[in-house]
Amino acid sequence: DGAERRVRPVPAVAPVSSTQPGIAEIKGPLRASDGTASLEGAWDLLDLSIRTRREGLERTSLVMRGGRFTARGPDFGEVSTASARFEAHVRPSPRHAPEAGALDIIMRSEGAVVPGLDALVGGTEAATLETQLTVTQAAFARSGPPEQELERWRVAGGQVDLVLFALTKGQRRLEAKGQLGLDELRRPAGRIESASAALDGLLGRIVNGTGGLMALLGPRLAQGSREAPANGLKPLPPIRLQDGRLFLGPLPTPGVVLRPLY
């Protein structure tokens with residue numbers, strides 16, 4: 001609503017090939033509302049490109065510069081976020097057979113200002129965030145209700161393989177990887193391994209509080225880790241989501257209950 005779209009079609013003289021690119025430059029501002037909550041956005045540049053081939057999607061890419069968004073609602077008040085540059089890329093995963101319906105998704109945000117991030121990891125610097133993941137049984141998703149599509153995905157054995165999550169904020173760094181899905185009761189389930197350096201804020205206090213646990217359970221935690229972290233990062237106890245509970249290493253987190261998503 002309120003957004004203009006200018007499409008630059010492929011010239012008619014372009015060579016014929018199996019790849020069909022389409023590029024759109026989208027102008028703001030963006031304004032959307034459901035009558036209760038609202039979203040406003042603006043950006044300096046927003047480009048969307050889609051490349052297809054005879055077999056289907058080859059790649060979709062989105063690049064945004066100078067993005068600013070503000071959400072307002074009675075449940076959360078006013079929340080604003082911004083990014084100097086954001087890009088996202090989606091493609092069928094070449095590491096999986098076509099019947100797996102797997103998509104590779106890569107997202108990167110530079111100069112990001114995210115609500116609550118200063119309090120969570122410390123400092124006032126803008127952050128760089130990068131996420132690389134593969135979602136199986138996703139390429140053939142239909143346009144049904146979200147609950148129906150999630151159930152279809154779960155029954156088909158869909159999983160999220162978190163190849164990398166990386167956060168850099170000044171000298172602070174956090175990296176994580178793992179695998180997530182839904183169990184038979186539609187609750188989140190999986191395992192995440194992470195490592196960090198120079199964190200403070202709330203997450204830093206939690207990390208420092210695990211120092212005694214790491215010293216006590218270090219051999220068991222090391223045994224459960226698939227790779228030793230590099231680049232000076234300190235390993236953290238693995239996080240497990242199992243049977244509706246959240247485990248930090250072998251210990252359950254008191255008071256945390258994972259409920260069905262739908």
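# Salt bridges, cores and surface of a predicted model

The side chains of arginine 68 and aspartate 44 form a salt bridge, with 3.2 Å from N to O. This pair links distant parts of the chain, 24 residues apart: arginine 68 belongs to strand β6 (residues 56-73), and aspartate 44 to the loop between β4 (38-42) and β5 (45-53). Arginine 68 is partly exposed, at 41% relative accessibility, whereas aspartate 44 is exposed, at 60%. The model is predicted.

## Overall make-up

The protein holds four helices and 16 strands. Of its 262 residues, 31% are buried. Among contacts with a separation of 6 or more, 53% are between residues 24 or more positions apart. The accessible surface is about 15800 Å², and carbon and sulfur atoms account for 58% of that area.

## Salt bridges

The count of salt bridges comes to 17. Three of them are set out below.

| Pair | N to O distance | Place |
|---|---|---|
| Arginine 68 and aspartate 44 | 3.2 Å | β6; loop between β4 and β5 |
| Glutamate 149 and arginine 152 | 3.4 Å | both in α2 |
| Glutamate 151 and arginine 186 | 2.8 Å | α2; loop between β11 and β12 |

Elsewhere, Glu40, Arg72 and Glu78 are linked in a network of salt bridges.

## Helix α2

Helix α2 covers residues 146-155, and its buried residues include Glu149, Glu151, Arg152, Trp153 and Arg154. The cover over the buried residues of this helix includes strands β9 (127-135), β10 (160-169) and β11 (172-182).

Within the helix, glutamate 149 and arginine 152 are three residues apart, about one turn. An α-helix has 3.6 residues a turn, so residues three or four places apart point the same way. The salt bridge between glutamate 149 and arginine 152 has its closest N and O atoms 3.4 Å apart, and both residues are buried.

Glutamate 151 also pairs with a charged partner, but outside the helix: its side chain meets that of arginine 186 in a salt bridge of 2.8 Å, N to O. Arginine 186 sits in the loop between β11 and β12 (188-197), so the pair ties together parts that are 35 residues apart in sequence. Arginine 186 is partly exposed, with 26% relative accessibility. Just after the helix, glycine 157 has a positive phi of about 85 degrees.

## Nonpolar cores and a surface patch

In soluble globular proteins, nonpolar side chains tend to be buried together. In this model the largest nonpolar core consists of nine residues: Leu117, Val121, Ala127, Leu167, Leu174, Leu199, Leu203, Val207 and Leu236. Two elements, α1 (117-121) and α3 (201-209), each give two or more residues to this core. A second, separate core has seven residues, including Val135, Ala138, Leu162 and Leu182.

Alanine 127 is one of the residues of the largest core. Beyond its neighbours within four places in sequence, alanine 127 contacts Ser109, Glu110, Gly111, Ala112, Leu117, Leu167, Thr168 and Lys169.

Nonpolar side chains also appear at the surface, where Leu120, Leu202 and Ile206 make a patch of about 250 Å². Leucine 120 lies in helix α1. With a relative accessible area of 35%, leucine 120 is partly exposed.

## Two further residues

Glutamate 87 is part of strand β7 (residues 77-92). At 19% relative accessibility, glutamate 87 counts as buried because the cut-off is under 20%. The side chain of glutamate 87 makes a polar contact of 3.3 Å with that of arginine 85. Residues up to four places away aside, glutamate 87 touches Leu62, Val63, Ile106, Met107 and Arg108.

Alanine 37 is found in the loop between β3 (30-33) and β4, and is partly exposed at 23% relative accessibility. Apart from residues up to four places away in sequence, alanine 37 touches Ala32, Arg72, Gly73 and Phe76. One of these, Arg72, belongs to the salt-bridge network with Glu40 and Glu78. The C-alpha atoms of alanine 37 and glutamate 78 are separated by 9.8 Å, while the two residues are 41 residues apart along the chain.

How values were computed: Residues numbered from 1 in each chain as written. Predicted model: local features only at pLDDT ≥ 70, side-chain atom pairs only at ≥ 80, totals over all residues. Heavy atoms only, no water. Core = buried A, V, L, I, M, F, W, Y, C linked by side-chain atoms within 4.5 Å. Buried < 20%, exposed > 50% of the residue type's maximum accessible area, 1.4 Å probe, protein only. Contact = heavy atoms within 4.5 Å. Patch = residues over 30% accessible without salt bridge, like charges linked within 9 Å, V, L, I, M, F, W, Y side chains within 5 Å. Areas by Shrake-Rupley, 256 points an atom, 1.4 Å probe, with all protein chains shown as cover. Salt bridge = Lys/Arg side-chain N within 4 Å of Asp/Glu carboxyl O. Polar contact = N/O pair within 3.5 Å; in protein donor to acceptor, adjacent residues only side chain to side chain.
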